[in-house]
Each structure stands twice: as C-alpha cells, then as structure tokens.
Amino acid sequence: MLEQRRFAFHFLGGDADAVDTALGSYLNGDGGYGHALDPDLRGPLSQPLHTAHALRVLDGLGRCAGQRIERLCRHLTRVSTPDGALPVLSPSPRGYPSAPYHPVHDDPPGELLTTGPVVGLLHRNRIWHAWLFRATDFCWERVETLRHSHPYEIQSAVAFLDGAPDRARAAAAADRLGRLVREQRLVVLDPGRRGDHPPYPGHAPDEHLFPHDFARRPESLARSWFTDAELDRSLDFLTAQQQPDGGWPVHRRAWAPGSFLERRPIATVEALLTLRAYGRLPAPVSRPPGPVHPR
C-alpha cells in the first residue's frame, strides 16, 4: 500500500496525505518504525533500517520535519551504540526473522551502512538535534578512513555526503571515494559486460551495482565519478530492466518469498524516480510539497 501511494503521489498527482497515512501504519510508540517497512526485517520492532526507509519517504514528500522527527531523534539516541552511531540491527529481534546477511549480535557495532543515510537525510532537511553531533562525527571518520568497502556501504557514504552541511569537505571525500570505487571495481561501468564482474562475496550472482545506483540523482556528488557515456549506458540498462508486468526486478538474494515480493514495488518506485531525475520520463505531475503537517 505504501508504494502504491508513493507512486500515485510522485507520478499521478496524488495527495501527500495518503502517503503519510500509509507510512504512519509502520510507526511505533517509541518514535521509530517497524513492521517490516524494510522487507528484510520482519516483526513489529523499531529498527534503524526501517528508520532510513521512512526518512526517504518523508524526504520525498517534503515532510521530514516536525514533532515526529523530534521523537524519532530521541529514539535514535536511545538505540545508538556507545560511539553515537546506529547498528544494522538492534540486538532485540531474535524472535523475528531477518535476512541472513543481517546477522543479529548481542553487542552490535555502529555501522556506516545505517548511520550514513539517516544522518545525511536529517542534514539535508536542516534538522538539528543533539543526536546528530556524534553521529555526524562517526560518519566523517568512517567515510574519510575507508580503504576497503562493499557497494552498499559506499551507497550509504554517498547518502551521507549528499546531505552533509560541509560541502567542501563532502566534495573532497566524495572524490576519494569515487577513485576507490573504480579501483576496487565496486561498480559495473558497462552493463553489457557485467559477466566479467564476479559478484561481491555474499551477494547473489546477478547482484551488481551500476553508476545509477550510486548517483541516483544528477545533483549527487557521485555523479562526477562517471562519464556521460558510462551513465547513459547505466540508465539504458535500468530502463531495459523493466519487466512485462511493469515492475523492476530485485537482484538481492531471495531469502524469503514474501520479503522478495515486497521489495519489488520499492525497487520499481526507486527506478522510476531515478529515471525521471535524469529526464528519462515525462515531466513530474506530483504536487509540490506543501507545509509540514505537525505530528
């Protein structure tokens, strides 16, 4: 339902309130989000991966503000690791299934994978809260000292840098990351030769990331990592990936049938938003974000 409402808002002129209402069904009393908002984590409990997805939805509505964000930041303060960051999984959900590539630890470390997108989106929306100070320092330290990484961590680093207030520092960090991505072959620059790229350890055989996966919008700092020809090939490939039923495929490991099916609408909306951002779809018809409704 949430992705149906998002599609209607972004592409059919639908009402933002409908998206807001659908997202609200995932909101917990502690200020966080749960209930498999991210399909890889089952159960009702609030988790950082759910928070990151909720913030992406709210950012798209222009409603990443207000009392609910204040409550969310208080929640993040409670669930943070000692270094002020977010784990991938809080140690509580042992009674609920989760994807095997998200193992549960008794004392989980803070991870850029989850902290980067949350911090980046909060900064992008000019949110100021005490939680952000240490979390931002954590992200800077991780991003600026990365020597070896995996594609999804680089995506999270980009999400942080695209929202970080210090633009000069972000641009310098992004430039170094771009060289790392190319040197370590974390991106498939030519989709027609993706068979030459062995999958990253633990990934599905066809689980590759392409230029459009890092530079999801033309204003992203990751856009400078790729030539026009490389990005055009990537966007051509993304367009061709649309399946006969209209949706886009999921290239992650299919660890559970229900989770896999739930991720397809998410992948479809994100593909459409990326294609439109690069002018590959007709002009947007969605209504401009209105005033933030207090929550």
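**Note on the predicted model**

1. Valine 158 has a relative accessible area of 5% and is therefore buried, the cut-off for that class being under 20%. This residue belongs to helix α7, which covers residues 151-163. Leaving aside residues up to four places away in sequence, valine 158 is in contact with Phe214, Ser220, Ala222 and Trp225. Its C-alpha atom is 26 Å from that of glycine 247, a residue 89 places away along the chain.

2. The structure is a predicted model, and confidence should be checked before details are read. Mean pLDDT for the protein is 91, with 94% of the residues at 70 or more. Of the protein's elements, helix α9 (residues 211-214) has the highest mean pLDDT, at 98. The lowest mean among the elements is 94, for helix α11 (residues 257-277).

3. One stretch calls for caution. Over residues 285-295, pLDDT stays under 50. The model nevertheless gives this stretch 27 contacts beyond four places in sequence. Where pLDDT is low, predicted coordinates should not be read in detail.

4. Two neighbouring entries in the numbering, histidine 35 and alanine 36, deserve a look at the backbone. Histidine 35 has a positive phi, near 60 degrees, although the residue is not glycine. Alanine 36, also a residue other than glycine, has a positive phi near 60 degrees. Histidine 35 sits in the loop that runs between α2 (16-24) and α3 (48-61), and alanine 36 is placed in the loop between α2 and α3.

5. Are these loop residues buried or exposed? Histidine 35 has a relative accessible area of 36%, so it is classed as partly exposed. Alanine 36 is at 14% relative accessibility and therefore counts as buried, since the limit is under 20%.

6. A search of the whole structure for cavities of 30 Å³ or more returns two. The second largest has a volume of about 40 Å³. Its lining consists of Asp40, Tyr101, Val250, Arg252, Arg253, Trp255, Ala256, Ser259, Phe260 and Arg263.

7. What is the make-up by class of the lining of the second largest cavity? Five of the lining residues are nonpolar, four are charged and one is polar. Among the residues in this lining are Arg252, Arg253 and Arg263, as well as Asp40.

Notes: Residues are numbered from 1 along each chain as its sequence is written. This is a predicted model: local features need pLDDT of at least 70, side-chain atom pairs count only at pLDDT 80 or more; totals for chains, interfaces and linings use all residues. Side-chain values use heavy atoms; hydrogens and water are left out. Helices (H or I, at least four residues) and strands (E, at least two) are DSSP runs, numbered from the N terminus. Buried means under 20% relative accessible area, exposed over 50%, partly exposed in between (1.4 Å probe, protein chains only). Contact means heavy atoms within 4.5 Å. pLDDT is the predictor's confidence in each residue, from 0 to 100. On a 1 Å grid over the protein atoms alone, a cavity is a set of points where a 1.4 Å probe fits but cannot get out, and a pocket is an open set with protein on both sides within 12 Å along at least five of seven lines; lining residues have an atom within 4 Å of a point. Grid points are joined across faces, edges and corners, and a volume is the space filled by probe spheres set on the points. Ala, Val, Leu, Ile, Met, Phe, Trp, Tyr, Cys and Pro count as nonpolar, Asp, Glu, Lys and Arg as charged, and the others, Gly among them, as polar.
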